[in-house]
Structures are given as structure tokens and as C-alpha cells.
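Take a walk through this model, one step at a time. Begin with a local turn, then move out to a whole chain and to the place where two chains meet.

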Protein chains: 2
Amino acid sequence: MPDDARHELPEGGKARRVYLLLRDAIASGAHGPGALLPGEHAMTDTYQVSRVTVRRALDALERDGLIDRRAGSGTRVLAAPATAAMSADMSTLIPQLVSMGQHSARLLSFSYDTPPDRIAREMGIAPGARVQMAVRVRLVDGAPFSHLTTFVPEDIAANYSEADLAGTPLYQLLERSGVVVAAAHQSVSATLAGPEVADALGVATGTALMSLNRIVRDDDQRVVEYLSALYRPDRFKLEMSLSRVGKGSARHWEPVVGDRGAEGAP
Amino acid sequence: MPDDARHELPEGGKARRVYLLLRDAIASGAHGPGALLPGEHAMTDTYQVSRVTVRRALDALERDGLIDRRAGSGTRVLAAPATAAMSADMSTLIPQLVSMGQHSARLLSFSYDTPPDRIAREMGIAPGARVQMAVRVRLVDGAPFSHLTTFVPEDIAANYSEADLAGTPLYQLLERSGVVVAAAHQSVSATLAGPEVADALGVATGTALMSLNRIVRDDDQRVVEYLSALYRPDRFKLEMSLSRVGKGSARHWEPVVGDRGAEGAP
């Protein structure tokens, strides 16, 4: 699954750390295509590492095809890491499957167990009550793009099997079993990829990921799903357009609502 | 500025890496208060480091007051790192100053220069044209919470000074100088804190940050501001509520729009 040279640098080593920071800066556009990177000497200062370490990080970026190093004229960024960035309708954060190409999911685990305390609290379920826990990796065009951990109350989950979940979005399974999905609350943040998630998403441990937590309720306000999703930022962005409307002191921003025709599972 | 024990662990070392990953997992709630952390032996496996390294990382977490280690009963999470998380109205992503307590900004740099190629392209300005570039850190209740880099076309920026920008939100300065702000496009992602940003935000290099890029246009569609903002995820989250409305195949999610009375600068 790895699509870069990071595996040639020892895990947790200084060269790998510098490589990850530079790769992230290139991917995020802080150093865009054509940009001249700072010199090796400046980097030893910035990252507080030796020149040898800087060179090893640059060697790896060069093997990735991300930079071009020329004696005398410095190091230039060739391209951002190959990405197939997709975006979600920001007004709902529900990714639009239509623009997503071929998608599939890999089921990494499926079990019935007591959830972590924090999840139980957020779901409003009794301490010790069991839930259906599943971990999936969503792939788009064969490449991993999100890592999804879901928790569903045991009695609701009784309506679907492991095989169902591997092939069908959880929403559809919930609605098929008679649940009336009525409301959701979401929060978005950023987090580091730990070893297991990194492995599943094909990124290095310590990569920055976008995180989204979603609590879904039915028409009785009961929590029917808790989702913890992690997205590769090189493959997924949230995008939105705003208009500034109104006059004088009532002037304010409003979202420009896009086509909501197509909806998919996260 | 540092509010944790990370400085006692060598920059770029393995113990610091494990410490950062564990701290991130505690902050994000993956290991919530009261949770039992995996044993030291399991951690050597997970993180591919020696037991000594695991212990050094745990020592630092203990000094932070985040965990409680007891011989025989394991290591428990005491609390999430102290945070004052604020949230933005997800329908606009414009943080609500009202809920933000005492806020202020520190101006780190103010200059007129040619922007990076990527920014010039996104702003639609001629190659070689100068812009006003400013870097600010926004503080809430005295603690850094966002790192803002802004680019404004030179002729518009001529209407404000360095002192104005240190004390007044950029929006107000633009509108004061007669710009009719009409539209914006935003995208949200995640990135790693490089050394300079980390220092300004009081976090360790390699911490995950939420990133937001915003392009603001006037009523002639001209770009009047490009903003690149980085947020500490322990201090800032995007939150939104959704309702599922409509019948049958027309059923879809809609954002629940909150009070838009108060608006602030990012």
C-alpha cells in the first residue's frame, strides 16, 4: 500500500520526521510546485538536525519524485504528491459519492462488546451495555481514503450481519431495519495517525488526519449510531462557498447551498 | 508558552514521538478519562520501540498530570489535556467571537512582498505583483489558538497600517477602506505543525493542526484577501447539527442553522 519512500527511513528517526514535515508542507501547498526549498544549511537550523539528516530526508523526497535537486541552483518542488482529492458538501459534510469514482469498503473488524466509557456516555447508553463495533476502511479507486469506526446499539445491530456491513452503507442498513434517522451532530478536528490507523490508510505513523465524529439520532432522540471517521487530507477536503448578504449592520455570511441530489455514506 | 513536559524529551527522538501520539490519543478522546492504557509491553510492540522509550514517554505524560501509573493496576488516563475548546458555526465557519472570551492578536510579521506562486495563482494576480503579507497569532484568554497568514493586494492594503492590523480584524479594515466583500470559498483540511508555527502556537513540532484556506472576493469577483489559518485542535472545533428531512427517496440532510447574530474575524 505505501506509495512513497518513507519506509526507507527508520521509523521514529530524525530523517523521517523531517521528511514527513517537508512532505506535508509540499502536499498542503506551503511549498508549491516550482517553489525553491530553503537551503540545507537553513534546514539544519529550522529542524535542529545535522546536514546528513537533512540530506537523507531530501533523498527520500527525491525518490518520491517530489523535488529536483541541482548543484548550484538549489532544490525545487516538482509536484504535490499524487492525490485524488475529493470534497464533501460542506453544508452537510456528507461526502458526495457521485464525484467519488469507484468506491468500496474493507471490513477490518466486527464485534459485539462494551464501548469505551466516553463513547457510552456520548451515546447515552447504560454502563456495561454492549454495542456492535465495526472498523472499516473506505477505498476510492482502490486507494484507502477514510478509516471508519462505528458503534450501534446491540438491538438495532441485530438487524444486519457482518456481510451486510461489508457491502452496504450503514445508513441504508439502519433505515432498512426500520430506524427513522432524524438528526445528527458532527464535529470536525485534526489528529495524528497512530500505528494501526496509519497502516490501514497506507500513511506513515504521525501523519496529520482530518477527524470527524458524528452522533446520529432517531425520531425519539435515541442515539442509533456513533461514527468516528479519519480522513487522509491528501485525498479528502471539506469545501464550501459563502455569500455575504444583507445591508449595513445586518450584513452577514450565508452558505451557498450546492446540489444535494446525491448522497452517500461517509 | 509550553504547557506540557514535551521539552524534557529530545526533539525528534523516539520517546517524544510516542509521547506525542499518546497525548494526541488522550486529547482526542481515543483514550478518555478513566481509560486503562495498554501495558508497556504491548506499547513496545505497537510503537516498535524499547521499553525504556515507552517509560520515558509515560514519565512525561505523568508529569503533565494526564495519567496515573500504579504498580500492579496499570496506567490510567486522569484527564484530557486542559483545553478551552471553542467551536465555529459550521454553516459559515466564521468563529463566533461572542463565545470566545477575551481575544487578542499578536502580529508576528507585516511586509510587502511577492507571494508564493501558488498564492498568486489562487489570487489571480500578475506574477511579480506585490501583496501585503501578515502573520498573526490569535489568542483567546491569553492562550494561542490560531495562526493566521493573510495576503491582500497592495492597493487595497494601502488603506491600513501595521498598527491597524494588530488591533482590528482584517474584515473591518477591508470594509472600512470601501471594499464590498461579496463572496468567499473555504476549504478545511489537516496538516502538521512545522517548527515556526509550533513555536507560535505553543505546541510541539509535528502536532496535528486543523487548516482552513479562505479566498475572499469583492462584488467585482476580484480577490481581496487570501487567508491561510491553522488551528490548535485542542482549542477549536467545527461543530454542526443536521436534520434529516423530506420523504422517501427525497429524504436528505439539511444543516440546522444557528444564530448568526454575532460574527467575528477568524
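Which residue in the turn between β1(B) and β2(B) has a positive phi? This is a predicted model, so read what follows as a description of that prediction. The residue is G72(B), with a phi of about 95 degrees. β1(B) and β2(B) form a hairpin, and 3 residues lie between them. The two strands cover residues 67-70 and 74-77 of chain B. They pair in the antiparallel sense over 4 bridges. Look for R70(B) on β1(B), and you will find G74(B) standing opposite in β2(B).

Now turn to chain A. Its 266 residues are 51% buried by count. Chain A holds 8 helices and 12 strands. Consider its contacts between residues at least 6 apart in sequence: 59% of them join residues at least 24 apart.

Next comes the interface. On chain A, 61 residues are in contact with chain B, and 61 residues of chain B are in contact with chain A. How is the extent of such a surface expressed? The size of an interface is often given as the accessible area lost when the parts come together. Here the area buried between chain A and chain B is about 5,200 Å². Carbon and sulfur atoms give 55% of that area. In chain A, the residues that lose the most area to chain B are L192(A), M240(A) and W253(A). Together they account for 13% of what that side buries.

Polar links cross the interface too. Between chain A and chain B the count is 2 salt bridges. In one salt bridge, the side chain of R244(A) meets that of E175(B), at 3.1 Å from N to O. There are also 8 residue pairs in polar contact across the interface, with both residues at pLDDT 80 or more.

Several elements of chain A supply at least two residues each to the side that touches chain B, among them α1 (14-27), α7 (170-176), β9 (208-218) and β12 (252-255). β8(A) gives the most, with 12 residues. By class, this side of chain A has 29 nonpolar, 19 polar and 13 charged residues.

Finally, follow a strand across the boundary. β11(A) is joined by 6 bridges to strand β7 of chain B, residues 181-192. The two run antiparallel. To find the register, start at L242(A): its bridge partner in β7(B) is A184(B). One general point helps when tracing side chains here. In a regular strand the side chains alternate between the two faces of the sheet.

Definitions and conventions: Residues numbered from 1 in each chain as written. Chains lettered and ligands numbered in written order. Predicted model: local features only at pLDDT ≥ 70, side-chain atom pairs only at ≥ 80, totals over all residues. Heavy atoms only, no water. Contact = heavy atoms within 4.5 Å. Buried area = accessible area lost by both parts, 1.4 Å probe. Salt bridge = Lys/Arg side-chain N within 4 Å of Asp/Glu carboxyl O. Polar contact = N/O pair within 3.5 Å; in protein donor to acceptor, adjacent residues only side chain to side chain. Nonpolar A, V, L, I, M, F, W, Y, C, P; charged D, E, K, R; others polar. Pairing = 2+ DSSP bridges. Buried < 20%, exposed > 50% of the residue type's maximum accessible area, 1.4 Å probe, protein only.
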